[in-house]
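Visitor: I should like to look closely at a single part of this structure. Please describe one helix in detail.

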Amino acid sequence: MFDPSKLQMLENRLLKVYKHLRKTARRQNITCFRVYDDDIPEFPFSIELYEDHIYVAEYHRQHGMDEEAHEEWLDLCLEVISKVLEVPLEKIFVKQRQRKASRQEQYEKLSFESHEMVANEAGLKFKVNLSDYLDTGLFLDHRITRGMVREQSAGKKVLNLFCYTGSFSVYAAAGNAAQVTSVDLSKTYLAWAEENMKLNDFDVSKHQFVHADVLQYLDTLPAETFDLVVLDPPTFSNSKRMKEFLDIQRDHVSILNKVLAATRPGGVIYFSNNYRRFVLEADRILASEIKDITSQTIPFDFQQKLIRKCYRIVR
């Protein structure tokens, strides 16, 4: 059973980290950031601040409480979170998630009650949904990587594969890309990507939104077409709509070589994935340069917490 006196541990931890993170966020003019991620085993949460809202994801654990006791425990935790982060309870949204959900499971719709808001990042606007899915629509850990794409997009043809809600596409357009092609298997997320482009007053007729299975789409790409590619695939995906299931450790060499073939000489690919045990088979990848940029792309609010890998690959 849960010992209520342990709530003080959560409060102390939040007070300490929030004070530090809030200062950095203010200095960098960042209004959406992660505050806490499973820091104390008894409180298996991820807590993110989206301006004046909070998004709490509870990781699935064997907690030994019945449903009623668990609800009571969660309510007490939310009161602590509300107090320390100074956000009213009605602006806190809670999700329960498996630690190793495949991206397809992550994307399933959860509720019929929708709470959407517009979040700001680096002078750009993004629609965020705090209630309906296991992810909000904006992966905060890629903040720095998105900035890199923006800085290098001027006049370029950009391809965003597994584009999700198109945040990389928006950054590329903001960097004056000549054209951005966004590809995803989900019509919902593709429409969301288009909405994000419109939110920022970009002319969507200049850009392409392709509804396709990326693995099949790669076989249709003409050689040497793109200057800059963003590739952020799920670790595994077994969507019924896919011809074959995706396993990023097994498939990354084949995928990257197809992407490289569609990239102009000197073109750059930003490749990342969340597989904890991922090993890049660099000697089999037909690139002129491969650089692990994981440490350079980890934002201040994910230090010591992030497991994803990130690479800059040059054709």
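Guide: What follows is an account of one helix, α8, and its surroundings. This is a predicted model, in which local features need pLDDT of at least 70 and side-chain atom pairs count only at pLDDT 80 or more, while totals for chains, interfaces and linings use all residues. Residues are numbered from 1 along each chain as its sequence is written, and side-chain values use heavy atoms, with hydrogens and water left out.

Helices (H or I, at least four residues) and strands (E, at least two) are DSSP runs, numbered from the N terminus. Helix α8 covers residues 248–261, 14 residues in total. From its first C-alpha to its last it reaches 19 Å, close to the expected 20 Å, where the expected span is 1.5 Å times one less than the number of residues. At S254, α8 bends by about 25°; this bend is the angle between axes fitted to the seven residues ending there and the seven starting there.

At the start of α8, a side-chain oxygen of D247 comes to within 3.1 Å of the backbone nitrogen of Q249.

Because 10 of its 14 residues are buried, α8 is largely enclosed by the rest of the structure. Buried means under 20% relative accessible area, with a 1.4 Å probe and protein chains only. Among the buried residues are I248, D251, V253, L256 and L260. What covers the buried residues of α8 includes the elements β7 (157–161), α7 (214–217), β10 (226–231), β12 (246–247), β13 (263–273) and β15 (309–314).

How values were computed
Buried means under 20% relative accessible area, exposed over 50%, partly exposed in between (1.4 Å probe, protein chains only). Contact means heavy atoms within 4.5 Å. A polar contact is a pair of N or O atoms within 3.5 Å; within protein, one must be able to donate a hydrogen and the other to accept it, and residues adjacent in sequence count only if both atoms are side-chain atoms.
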